[in-house]
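Me: I'd like to learn how to read a protein model. Can we go through it step by step?

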Amino acid sequence: MTLVYQRDSTAGARLHGLVIGCGRFPWLPADLDANRQACFDSGVEMVRFLARHADQFEPRLATIDCLLADPRVDPANAPDLLPADPGLPDLQAGPVDRPLAVNVRAAFNALLARCRPGDSIFFYSTSHGVAGRDEVGLLVLEDAGSDEGDKWAQLLDVKSVAQYLPARAKAGNVWIFMDACQEVLEELKDQAGGLNPLRPMTVSSTAMALYPVRSTALAAARYGTQTHAPRAGGVAYFTQALLDGLGQSCVEKRGGQWRVTAQQIVYGLERVARAAGVPPIETTPLLIDTRAGHLLTLANPSIPVHIVSRPTQLVGTASSAYLLGQDSTPQFAKQPNVDWRFRVPASPDAYQIHVDAVDGALTATLEIDPPAVEWELSR
């Protein structure tokens, strides 16, 4: 394991993070062109997000473990590195373990050893993903293809983690996010005896049935489909939307405070992506516990807004288009030849939309509804 963040937390419940960012696949055929810089970049960005928001998580963040595979690195000559971030001095930059099956199992064992009853867990993974005839949520690990007897033994069964981890760890809450495809491969569908992926923990059926906590687990792709990322590197599209949702937009007002909730993340993340201008994503819950508590408390959340019109020229050819707030000051003016997108505070305020179109002025009332607003103007 590679603990890159750790702080003393002797009293009360704690949150433990585990991040896998696997962008290198040396044992897969070269013609598959499987390496993905975005998987490494997304893993790094999620580690930084956890550290940056350590005190906003509930319970507070105590540890982060990560396994990373950077496709720019030849592991025979150099280790994979978590890059330094000057703004996060408590984050330990430097060598980290690789997401090989043996290391992933060890990381989960270490996670279980760190967890006290009532602690919460945040598990994020990004890589390629596959599905079999009956199996979903299978994450491709770095050493996939290395076992001559079973080329697909090095798959992590993320759904089994979602099913078994709460009872096994006696967790307060478990949050799981998988940024990977769920592409159905014929050779997996037809494998005699089914698949034998890595399931890093087991639990009795009785213990699982009796334990009251269930995971909130969300995958970036639906069964049989792919997910996408910038080809040259950068943060994958699902993860872009997830970071927006966790850090700004997927909120509800509870107890007088803005809380990031399972309900908003699971059912609102596609809206966030569309409104924020992230390329389309199609998510699917692996499991969801709508009774789950909140994950973060945010002081000043904001949500993305996208305004379009039918016909499109109402906004597209307008001489001016802007919003009026409660003080009647023009805000969020539309720039020429770009989509009309902006962010507003996640408050119950209403704005007046004002568009000076070629065939006369148009006004409407825009009501703010987290986690995102997609608004269509028409006459």
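Reply: Sure, starting with accessibility: buried means under 20% relative accessible area, exposed over 50%, and partly exposed in between (1.4 Å probe, protein chains only). This is a predicted model, where local features need pLDDT of at least 70, side-chain atom pairs count only at pLDDT 80 or more, and totals for chains, interfaces and linings use all residues. Residues are numbered from 1 along each chain as its sequence is written, and side-chain values use heavy atoms, leaving out hydrogens and water.

Me: Why does Ala350 count as partly exposed?

Reply: Because its relative accessibility is 34%. Ala350 sits in strand β21 (residues 350-357); strands are DSSP runs of E, at least two residues, and helices are runs of H or I, at least four, numbered from the N terminus.

Me: Leaving aside neighbours within four places in sequence, which residues is Ala350 in contact with?

Reply: Contact means heavy atoms within 4.5 Å. Here they are Thr365, Leu366 and Glu367. The C-alpha atoms of Ala350 and Leu366 lie 5.5 Å apart, though 16 residues separate them along the chain.

Me: What should helix α3 span?

Reply: The expected span is 1.5 Å times one less than the number of residues. For the 12 residues of α3 (residues 158-169) that gives 16 Å, and the end C-alpha atoms are 16 Å apart, which agrees.

Me: Which residues of α3 are buried?

Reply: Val158, Ser160, Val161, Ala162, Leu165, Pro166, Ala167 and Ala169. After α3 comes Lys170, with a positive phi near 50°.
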